[in-house]
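I opened this notebook page to record what I looked up in one structure. The entries follow the order in which I took up each topic.

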Amino acid sequence: MTTAAIANLVLGIFLGLMILLFIFRIVLTWFPQIDLKRFPYKLIAVPTEPLLVPMRRLVPPIGGVDITPIIWVGIFSLLREILLGQQGLLMMLMH
């Protein structure tokens with residue numbers, strides 16, 4: 001297995017997992033009574049919160065709605081497409 005193939009696999013898993021976690025985080029915003037410090041919600045909050053805090057400083061809530069998880073889904077989806085898509089950088093390195 002080449003280095004590019006390993007990088008492709010690791011990045012694919014990481015970016016896919018982060019997109020999934022942020023989608024779960026978006027769903028959790030619909031239920032404000034949920035305590036993110038309790039298990040199993042903490043499994044979603046711990047990896048996403050360090051990215052959400054600085055983004056909230058840049059993008060304040062719009063109409064009381066925190067859109068920063070949606071922004072992160074877009075960022076990670078774009079990165080995944082640029083790096084791992086059919087015309088992605090790592091795909092070009094593998095061929």
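The entries below concern a predicted model and go from the helices to the core and then to single residues.

**Entry 1. The annotated segment.** I began with the record. UniProt, in an unreviewed entry, places a "transmembrane region" at residues 6-28. I then examined that stretch in the predicted model: residues 6-28 are 100% helix and 0% strand. The end C-alpha atoms of the stretch are 33 Å apart.

**Entry 2. Helix α2.** I checked the length of α2, which covers residues 42-58. At 1.5 Å a residue, its 17 residues should span 24 Å, and the end C-alpha atoms are 24 Å apart, so the two values agree. I also looked for a bend and noted a kink of about 50 degrees at Glu 49, shortly before the proline Pro 50.

Next I asked which residues of α2 are buried. They are Ile 44, Ala 45, Thr 48, Leu 52 and Met 55. What covers these buried residues includes α1 (3-28) and α3 (68-84).

**Entry 3. The core.** I turned to the largest nonpolar core, which has 14 residues. Met 18, Phe 22, Trp 72 and Phe 76 have the most contacts inside it. I recorded that α1, α2 and α3 each supply at least two residues of this core. The largest share, six residues, comes from α1.

I followed Met 18 further. Leaving aside neighbours within four places in sequence, I found Met 18 in contact with Pro 47, Leu 51 and Phe 76.

**Entry 4. Leu 15.** I located Leu 15 in helix α1. Is Leu 15 buried or exposed? Its relative accessibility is 3%, so Leu 15 counts as buried, the cut-off being under 20%.

I then listed its partners, again without neighbours within four places in sequence: Leu 15 is in contact with Phe 76, Leu 79, Arg 80 and Leu 84. I also noted a separation of 9.9 Å between the C-alpha atoms of Leu 15 and Leu 78, which lie 63 residues apart along the chain.

**Entry 5. Asn 8.** I closed with Asn 8, also found in helix α1. Its relative accessible area is 17%. Because buried means under 20%, I entered Asn 8 as buried.

Which residues does Asn 8 contact, leaving aside its neighbours within four places in sequence? I listed Leu 84, Leu 90, Met 91 and Met 94. I noted that Leu 84 stands in the contact list of Asn 8 and in that of Leu 15.

Terms used:
Residues numbered from 1 in each chain as written. Predicted model: local features only at pLDDT ≥ 70, side-chain atom pairs only at ≥ 80, totals over all residues. Heavy atoms only, no water. Helix = DSSP H or I, 4+ residues; strand = E, 2+ residues; numbered from the N terminus. Expected span 1.5 Å × (residues − 1). Bend = angle between axes of the 7 residues up to and from the residue. Buried < 20%, exposed > 50% of the residue type's maximum accessible area, 1.4 Å probe, protein only. Contact = heavy atoms within 4.5 Å. Core = buried A, V, L, I, M, F, W, Y, C linked by side-chain atoms within 4.5 Å. UniProt positions renumbered as here; feature names shortened; annotations may be inferred.
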